[in-house]
Amino acid sequence: MANMNITGILEKMTGKDKDYRYMATSDLLSELNKESFKADQDLESKLTNIVLQQLEDASGDVSGLAVKCLAPLVKKVSEDRVVEMTDKLCDKLLNGKEQHRDIASIALKTIIVEVTTASLSEKILVSLSPQLIIGVTSGKSAEIKCECLDILGDVLHRFGNVITKDHAFMLTALLTQLSSTQASVRKKSVTCIASLAPCLSDDLLAKATSEVVQLLKNKRAKSEITRTNIQMIGALSRSVGYRFGPHLAEAVPLLISYCTSASENDEELREYSLQALESFMLRCPRDISPYCDGILNLALEYVSYDPNYTDSMEEDTDDEVQDEEDDDESANEYTDDEDASWKVRRASAKCLSAIIVSRPQMLSKMYQEACPKLIDRFREREENVKMDIFNTFIELLRQTGNVTKGQGDIDESSPRWLLKQEVPKVVKSINRQLREKSIKTKVGAFSVLKELVVVLPDCLADHFGSLVPGIEKALNDKSSTSNLKIEALAFTRIVMASHSPSVFHPYIQALSGPILSAIGDRYYKVTAEALRVCGELVRVLRPNFEARSIDFRPYISPIYKAILGRLANQDQDQEVKECAISCMSLVIATFGDGLQSELPSCLPILVDRMGNEITRLTAVKAFAVIANSPLRIDLSCVLDHVVSELTAFLRKANRALRQATLGTLNSLVVTYGGQIGSSSYETIIAELSTLISDIDLHMAALALELCCTIMVDRRSIKNVGLAVRHKVLPQALVLIRSALLQGQALQALQKFFASLVQSANTSFETLLDSLISTAKPSQSGSLSKQALSSIAQCVAVLCLAAGDQKCASTVEMLKGILNDDSSTNSAKQHMALLCLGEIGRRKDLSNHVQIENIVIESFQSPFEEIKSAASYALGNIAVGNLSKYLPFILDQIDNQQKKQYLLLHSLKEVIARQSVDHTGQSELQDSNIVKILALLFNHCESEEEGVRNVVAECLGKIALIEPNKLIPALKERTCSPAANTRATVAIAIKYSIVERPGKIDAIMYSEISTFLMLIKDSDRHVRRAAVLALSTAAHNKPNLIKGLLPELLPLLYDQTVVKVSFPIFLLISYQYLWSGLWQRYI
């Protein structure tokens, strides 16, 4: 049935009426696009013939539809039929009528785009490529050659790697066209060779490059041929990237020579040379290194190349009288339509940008040599080139920000310091640009200033006054576009946020008017940006609430009215609504004491915005800002409604909304807790209980923090305590058993139990029993290690919050559990040890006699988890009183050989806890650290790998505290004859490399190569330890190893080679043997 429909359509397509043919071709296109369409062999032949026939239709609409039919047709007919179509189309292109040539070319390109299978692409290439090459090399017209080159470029771009055997033939044919007399043919040939280049072998690529370079060496060649060859060099480097590197030695000197020796009128030659050099900088960053200085000097020379114009302008002055003269000067600037020198300047600017982007190590040199030149070129007379100059300077600023992030500017050779010296010149030059008539120039100038402030905050403190007229003019001038206003406002916002408020106080009157006017702008993006600036303006007017540095009262009413107009208007863009809400909250929080009469009309609007789903989140955050205000704004007229709405939001699915709601409720409870009713608190607590689970730990943490705030502030309300006990406590006891509990959620849970024991109607004994009972194994199995640790930490915090007496009785109870010989409950003893450790870490337990001996007796337990817990407990108890318990641990390590491993773990716990902060480090240094080091070094040669690993971790942690002592000691042991010692040293270095910066970094930078070169060690365990240390350094502090990579990487690659030693061979033999036995069994 479908084939009958197609047959009818095909008959109509041959009719005389062009409308019938158009409708029939449209119907055919619809049929071909159906997934169910299938054609037999006869129908395929008819379809292809009629579509090809329609391509030549006299009606352009019909032939256009026929081209569209080709795309689905290629996928519906056999591959041989597609090849037949391409042959016919190629024949029409080469030998057909001139009027049909364009449509044949478009049709061929359509087919090539739709080919997706490798087999079809190979068949098409075998058939099509020779014909296209013939079309290119034969004496056809330039138009035919260009069409053939266009199609061949598409073919090579998609399938160039399919027929590698023909690459040499194609390359030879295409290279000959670079000398064509037709500029269009040469241009298309360059594009075609660039499409072929990525697929060429290194030899053929070398041949192509050498041939082009040889042509360039011929100084007698016509200038247009030379320009083409330079374009070819640039296109090759853009196409093949780093593979072009070996050919730079020949290409770069030639291009520099051509650029400097070209005639005054040959701007295109210079432009193409500079474009090629730009490509080298970006695509061959390693191999171009020897030529960077030469290219930089060339780009700096030609960035101001303007032989037809002599700049006789006098130096800028800051007098306002100069403004009109500047405007006249801008209007009467030299212009010449035939002057093409701007192309050279643009290419130079882009070349400089490429150097800046690809060579961050040259930043200091760029500031010394390029920065003054770029600032001087801000006065460029050609607007498009000026934009490129601005963009290049912005790249310089961005790269400075990236490279110097987190660094100071003390060093006089650092990019930040050098940039700071140029700020006055930048501002002076930019001020001149802000007086120009061109809108595009002003937008670019503000972009430069904006990036400058981002990189150097507070750099405009002494210069802001000179920029104020430019900002005013950009916002007030009737000719200003929306883009200019947005850029000016964005700059004003960033500069206000990054500078001291006192900088802006002299200019508040001048700036406030234009900013408030911009709030009423018709374009929503201008309005939104103006509202953001207004928020910063509010902070500037009243930076602190104690002292008044400026009389802000005259500005309160205009600001409030301007924002209220936008806040009350419902019919506007969402971005404007959100900005108006945020800005109004800042106004109320900052100036609320002067807006008492306006609050009853304004606050209900904010509450109303909470009811709108679009603005709900912003309104919730707005009330948090108001609640956190030190002015304690009177919210009595809306407080109950706000709390009710917020409580309902806790049930919403929107996570961001719930998160913001919890923060806002917390702020409201702190500030207005006495005005919130008891029933509201009970409702809030009931909703909070549903959020406390390990499904979302961050949300659980926020919910628990809000519970703590409520309990602390409303301790006297009996119902609040009962609600927390009955609703929240059961959920907290479920959460504490989670293996996922950690970080902020665990800290919030600890704070919750501490607050709960201090609130009314909550017994310490009941809470303690509840916590300890949660540690009991359930039917599903025992709790995870993390869950037991969480319970122990909460028990410790609970005891400390309850007071010394309760804490002491709890410790005695835990000691009793350990002393009870009849106790066979290992889980109970395990929990007791963990609790003792956590309490001991937070409180000195030396008053409890013999507690250390009681804990150490648990080392004899048959259960590994109890041994581990005892080791952990002993270490943490020692943290509570180092002077008493650390000597005990060291003495036990010397005398108790069987318990060494566990005692070393206790020592590791002490060192790890003490190395976290400066107080702990100083306490550990005051202890007998020399004895600790001697003991650790004695155990470096231990035969037990577990002991060596613990020793290495201890040494690594001590290295963070005492790098001057330990790094040389570790370095000395890299030459130890014992392989175990060398491996322990390498692992110790791994533990000493942490993400945070420290005093060890400077020492490690010069010494780390000694440790990492253990990767060459003869012992495989030492090599493995060195590789682990290298991996840690690469992840945490790559700067330590960056300079060593050329030496380390070959050694690292060598470790990937399997070295079949006897044990490995034996293992492989066993695997083969077992495999054979298993197969026989089957």
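Let's start with the domains. The domain assignment gives two of them for this protein: domain 1 covers 803–924, and domain 2 covers 931–1081. Fourteen or fifteen? Which domain gives which number of residues to the contact? Domain 1 gives 14 residues, and domain 2 gives 15 residues.

Keep in mind that this is a predicted model. I'll come back to confidence at the end.

Next, the area. The size of an interface is often given as the accessible area lost when the parts come together. Here, domain 1 and domain 2 bury about 1500 Å² between them. Of that area, 80% lies on carbon and sulfur atoms.

Which three residues of domain 1 supply the most? They are L904, K908 and I911. Together they supply 33% of the area that domain 1 buries against domain 2, more than any other three residues.

Now stay with K908. Its side chain meets the side chain of E953 in a salt bridge, at 3.9 Å from N to O. The count of salt bridges between domain 1 and domain 2 is one. The count of residue pairs in polar contact, with both residues at pLDDT 80 or more, is also one.

Which elements build the domain 1 side? Three elements give two or more residues to it: helix 42 (882–895), helix 43 (900–914) and helix 44 (918–926). Helix 43 gives the most, with seven residues. By class, the side of domain 1 that touches domain 2 has eight nonpolar residues, four polar residues and two charged residues.

Last topic: confidence. The mean pLDDT of the protein is 86. Of its residues, 92% reach 70 or more. Two stretches need care. Over residues 312–334, pLDDT stays under 50, and the model has 21 contacts there beyond four places in sequence. Over residues 1062–1082, pLDDT also stays under 50, and the model has two such contacts. Where pLDDT is low, the predicted coordinates should not be read in detail.

To recap: about 1500 Å² is buried between domain 1 and domain 2, helix 43 gives the most residues on the domain 1 side, and K908 pairs with E953 in a salt bridge.

Conventions
Residues numbered from 1 in each chain as written. Heavy atoms only, no water. Domains from an automatic or database assignment. Contact = heavy atoms within 4.5 Å. Buried area = accessible area lost by both parts, 1.4 Å probe. Salt bridge = Lys/Arg side-chain N within 4 Å of Asp/Glu carboxyl O. Polar contact = N/O pair within 3.5 Å; in protein donor to acceptor, adjacent residues only side chain to side chain. Helix = DSSP H or I, 4+ residues; strand = E, 2+ residues; numbered from the N terminus. Nonpolar A, V, L, I, M, F, W, Y, C, P; charged D, E, K, R; others polar. pLDDT = per-residue confidence, 0-100.
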